Amino acid sequence: MSTMSARQLLGLQARVIAALVLRETRAAFGTSQFGYLWAIVAPAAGVGLLVFIFSLVDRQPPFGASLALFFATGVLTLEFFTKLSNALMTAFDANKALLTYPLIKETDALFARLILIAATYALIMVLFYSALTILGLADPPAYPERLLQAFGATAFFGFGFGTINAVAISLFGSWIHIEKVLTRPLFFLSGIFYIPSLLPPEVIAVLKWNPILHLVEWMRTGYYPNYESTVINHAYPIGLAVLLTLLGLTGERVFRKKRV
């Protein structure tokens with residue numbers, strides 16, 4: 001294959017993915033600007049509701065001076081992972097008609113949804129943290145590069161987990177219900193309301209198996225200048241992301257003709 005033909009192939013794939021991103025945007029948010037606006041406002045409103053509820057019982061932030069910031073670093077990280085993995089899980093079924101075209105591959109549908117959800121949550125986090133800074137409820141992030149690393153690691157892990165789920169649900173339709181049961185406890189096991197390092201060692205030993213906990217801690221060490229985590233292991237979620245992605249993409253290839 002010549003260099004020119006390789007470039008043409010890459011350009012074609014890029015155009016296919018770009019077209020799929022536009023299609024997914026319209027399907028997810030509609031043609032109205034209010035649909036996309038609501039997708040941005042809803043996560044911020046969820047954090048605001050949590051802050052309001054805990055303020056009623058005079059709850060103090062577990063770390064720092066801002067309850068909203070502490071919750072946001074946990075809730076938005078978990079929601080980004082959940083939204084991404086759920087979107088990828090139904091990527092094959094939602095694009096079943098398009099996948100009959102030779103130019104469109106299953107991986108194109110996965111990457112299109114990855115780009116859309118990652119871009120949406122990047123915008124959500126930038127706007128939310130900027131609003132907290134403008135309102136005087138938080139300082140600017142101490143280590144922006146760590147925030148970017150944590151965001152990228154969350155996207156990578158969500159992609160791997162979502163790809164595995166996409167293959168599983170295409171083979172066994174009931175997997176969507178099983179996955180919801182398995183991931184539901186993450187809201188309480190991911191350090192959203194507490195500092196994991198302050199828990200008893202026997203509790204930490206169990207919670208450390210949860211990769212989302214490490215991603216939340218990673219995000220907080222990027223935002224706070226003096227947040228010390230004895231729990232975080234950067235290699236753990238990255239290693240799992242590599243493993244899940246390889247297994248998911250291999251499974252997609254192997255079981256492509258066996259899907260129900």
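In this predicted model, Leu37 is partly exposed, with a relative accessibility of 45%. Leu37 belongs to helix α2, and together with Phe34, Trp38 and Val41 this residue forms a nonpolar surface patch of about 470 Å². Exposure is also found at Val206, a residue of helix α9, whose relative accessible area is 58%. Because this value lies over 50%, Val206 is classed as exposed, whereas Leu37, at 45%, is classed as partly exposed. In sequence, Val206 and Gly46 are separated by 160 residues, and their C-alpha atoms stand 28 Å apart in space.

The interior contains a nonpolar core of 64 residues, the largest in the model. Within this core, the members that touch the most others are Val47, Phe71, Leu76, Phe80, Tyr129 and Ile212. Two or more residues each are contributed by α2 (33-56), α3 (67-89), α4 (91-94), α5 (106-134), α6 (144-171), α9 (201-207), α10 (211-223) and α11 (235-254). The greatest contribution to this core comes from α3, which supplies 14 residues. Another core, of eight residues, lies apart from the one just described; Val21, Leu98, Ile104 and Ala112 are among its members.

The surroundings of Phe71 illustrate the packing in the 64-residue core. When neighbours within four places in sequence are set aside, Phe71 is in contact with Val47, Leu50, Val51, Phe54, Leu76, Ile192 and Phe193. Two of these partners, Val47 and Leu76, are themselves listed with Phe71 as core members that touch the most others.

Helix α6 was examined at three positions. The position of Phe151 is in this helix, and its relative accessibility of 17% places the residue in the buried class, because the value is under 20%. Beyond four places in sequence, Phe151 touches Phe80, Ala118, Tyr121, Ala122, Met125 and Met219. The C-alpha atoms of Phe151 and Leu215 are 8.2 Å apart, although 64 residues separate the two in sequence.

Asn165 likewise occupies helix α6 and is buried, with a relative accessible area of 1%. Its contacts, again leaving aside neighbours within four places in sequence, are with Met89, Trp175 and Glu179. One of these partners, Trp175, also takes part in a polar contact, in which its side chain meets the side chain of Asn165 at 2.8 Å. Ala91 and Asn165 are 74 residues apart along the chain, with a C-alpha separation of 9.9 Å.

Ser170, the third position in helix α6, has a relative accessible area of 2% and is therefore also buried. The side chain of Ser170 reaches a backbone atom, the oxygen of Val167, at a distance of 2.7 Å. At Asn165, by contrast, the polar contact joins two side chains.

Buried residues also occur in loops. Ser66 is located in the loop between α2 and α3 and is buried, with a relative accessible area of 9%. The side chain of Ser66 reaches the backbone nitrogen of Ala68 at 3.5 Å. Residues up to four places away in sequence not being counted, Ser66 touches Pro61, Leu137 and Tyr224.

A further buried loop residue is Tyr227, for which the relative accessibility is 5%; Tyr227 is placed in the loop between α10 and α11. With neighbours within four places in sequence left aside, Tyr227 is in contact with Phe63, Ile195, Pro196, Glu217, Arg220 and Thr221. Among these partners, Glu217 engages Tyr227 in a polar contact between side chains at 2.5 Å. Pro211 and Tyr227 are 16 residues apart in sequence, and the distance between their C-alpha atoms is 19 Å.

Note on methods. Residues are numbered from 1 along each chain as its sequence is written. This is a predicted model: local features need pLDDT of at least 70, side-chain atom pairs count only at pLDDT 80 or more; totals for chains, interfaces and linings use all residues. Side-chain values use heavy atoms; hydrogens and water are left out. A nonpolar core is a set of buried Ala, Val, Leu, Ile, Met, Phe, Trp, Tyr and Cys residues joined through side-chain atoms within 4.5 Å. Buried means under 20% relative accessible area, exposed over 50%, partly exposed in between (1.4 Å probe, protein chains only). Helices (H or I, at least four residues) and strands (E, at least two) are DSSP runs, numbered from the N terminus. Contact means heavy atoms within 4.5 Å. A polar contact is a pair of N or O atoms within 3.5 Å; within protein, one must be able to donate a hydrogen and the other to accept it, and residues adjacent in sequence count only if both atoms are side-chain atoms. Patches are made of residues with over 30% relative accessible area and no salt bridge: like charges are joined within 9 Å, nonpolar side chains (Val, Leu, Ile, Met, Phe, Trp, Tyr) within 5 Å. Accessible areas come from the Shrake-Rupley method with a 1.4 Å probe; for residues, only the protein chains shown count as cover. A salt bridge is a side-chain nitrogen of Lys or Arg within 4 Å of a carboxyl oxygen of Asp or Glu.
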